[in-house]
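Student: I am new to this structure and would like a close look at a single part of it. Please take one spot and build outward from there.

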Amino acid sequence: DLEGWDFVTTERFVVLYSHDGGSKQKKAAKIAAEMAGTLAPLRAKFEADWPPADGQDLGYPVLRVCHKRDIYSAFGASGEPVGRYVPESGEVVVFNDKGGEVADKNAVRQTMIAAAWQQYAAAYWPGTEFQRWWMYGTSDYYAQYEPKGRKLKLKAISNPYVYFATDDSRF
């Protein structure tokens with residue numbers, strides 16, 4: 001049963017999104033398309049940086065956008081505030097936190113991009129157990145890119161977990 005769900009497809013993603021129906025469906029569709037539009041140039045960047053081997057099928061990635069916390073939690077993302085890659089389904093699942101309940105719009109965007117990298121890496125290297133430092137470091141790197149139309153702009157590193165020492169005596 002797909003009641004309360006709809007989808008949009010793009011060149012690079014299938015986007016499933018939940019909604020309350022009526023005029024809210026149109027707004028949810030617009031948000032879902034915007035999210036896919038954010039990810040499209042990043043997916044192209046992943047493919048340029050890590051090109052698939054001849055004949056390698058990376059599948060058609062799925063982005064699931066949930067408009068309510070309980071729906072989001074039901075899709076295997078309950079431990080993360082706004083989004084994550086769910087290996088069991090192969091989907092990126094995002095909570096459209098439009099009310100700022102958990103995070104601001106930028107945090108949702110960065111989390112979505114990081115999860116999309118994890119999705120790509122899992123398809124590119126199937127069955128690989130990644131070191132956490134590599135997976136999260138690489139996904140944080142890609143999350144610093146900001147799509148500007150069909151191009152990407154690398155922003156200043158804003159991740160609060162990244163520490164750059166300015167005093168060599170600390171080492």
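Student: Which residues does Thr10 touch, not counting residues up to four places away in sequence?

Tutor: First, a caution: this is a predicted model. Now to your spot. Thr10 touches Ala36 and Tyr60, leaving aside residues up to four places away in sequence. Thr10 sits in the loop between strand 1 (5–9) and strand 2. Is Thr10 buried or partly exposed? Its relative accessibility is 25%, so Thr10 counts as partly exposed. The cut-off for buried is under 20%.

Next, look across to Ala40. Thr10 and Ala40 are 30 residues apart in sequence, yet their C-alpha atoms are 8.4 Å apart in space. Ala40 belongs to helix 1, and a kink of about 25° lies there. The proline Pro41 follows shortly after the kink. Helix 1 covers residues 23–49, which makes 27 residues. From first C-alpha to last, helix 1 reaches 40 Å. That is close to the 39 Å expected at 1.5 Å a residue.

Now go back to strand 2, on the other side of the Thr10 loop. Strand 2 spans residues 14–18, and Ser18 lies in it. Ser18 has 2% relative accessibility, so Ser18 counts as buried. Its side chain makes a polar contact of 2.7 Å with the side chain of His67. His67 is also one of the residues that Ser18 touches beyond four places in sequence. The others are Gly4, Trp5, Ala28, Val65, Cys66 and Ile71.

Step back to the whole chain. It has 4 helices and 7 strands. Along the sequence they follow the pattern β-β-α-β-α-β-β-α-α-β-β. Of the 171 residues, 37% count as buried. Take the contacts with a separation of 6 or more: residues 24 or more positions apart account for 58% of them.

Helix 3 offers another buried residue. Gln118 lies in this helix, which runs over residues 105–124. Gln118 counts as buried because its relative accessibility is 13%. It touches Tyr85, Met135, Tyr136 and Ser139, again not counting residues up to four places away in sequence. Take Met135 from that list. Gln118 and Met135 are 17 residues apart along the chain, and their C-alpha atoms are separated by 7.0 Å.

The pattern ends with two strands. Strand 6 (residues 145–148) and strand 7 (residues 151–154) form a hairpin with 2 residues between them. Gly149 is in the turn, with a positive phi of about 70°. The two strands pair in the antiparallel sense over 4 bridges. Among the bridge partners, Tyr145 is matched with Leu154. Glu146 is matched with Lys153. The faces of strand 6 differ in cover. Tyr145 and Pro147 make up the covered face. Glu146 and Lys148 make up the uncovered one. In a regular strand, side chains alternate between the two faces of the sheet.

Last, how far does the predictor trust its model? The chain averages a pLDDT of 81, and 84% of the residues score at least 70. Residues 160–171 are another matter: there pLDDT stays under 50. For that stretch the model has 4 contacts beyond four places in sequence.

Methods. Residues are numbered from 1 along each chain as its sequence is written. This is a predicted model: local features need pLDDT of at least 70, side-chain atom pairs count only at pLDDT 80 or more; totals for chains, interfaces and linings use all residues. Side-chain values use heavy atoms; hydrogens and water are left out. The expected span of a helix is 1.5 Å times one less than its number of residues. The bend at a residue is the angle between axes fitted to the seven residues ending there and the seven starting there. Buried means under 20% relative accessible area, exposed over 50%, partly exposed in between (1.4 Å probe, protein chains only). Two strands pair if DSSP finds at least two bridges between them. pLDDT is the predictor's confidence in each residue, from 0 to 100. Contact means heavy atoms within 4.5 Å. A polar contact is a pair of N or O atoms within 3.5 Å; within protein, one must be able to donate a hydrogen and the other to accept it, and residues adjacent in sequence count only if both atoms are side-chain atoms.
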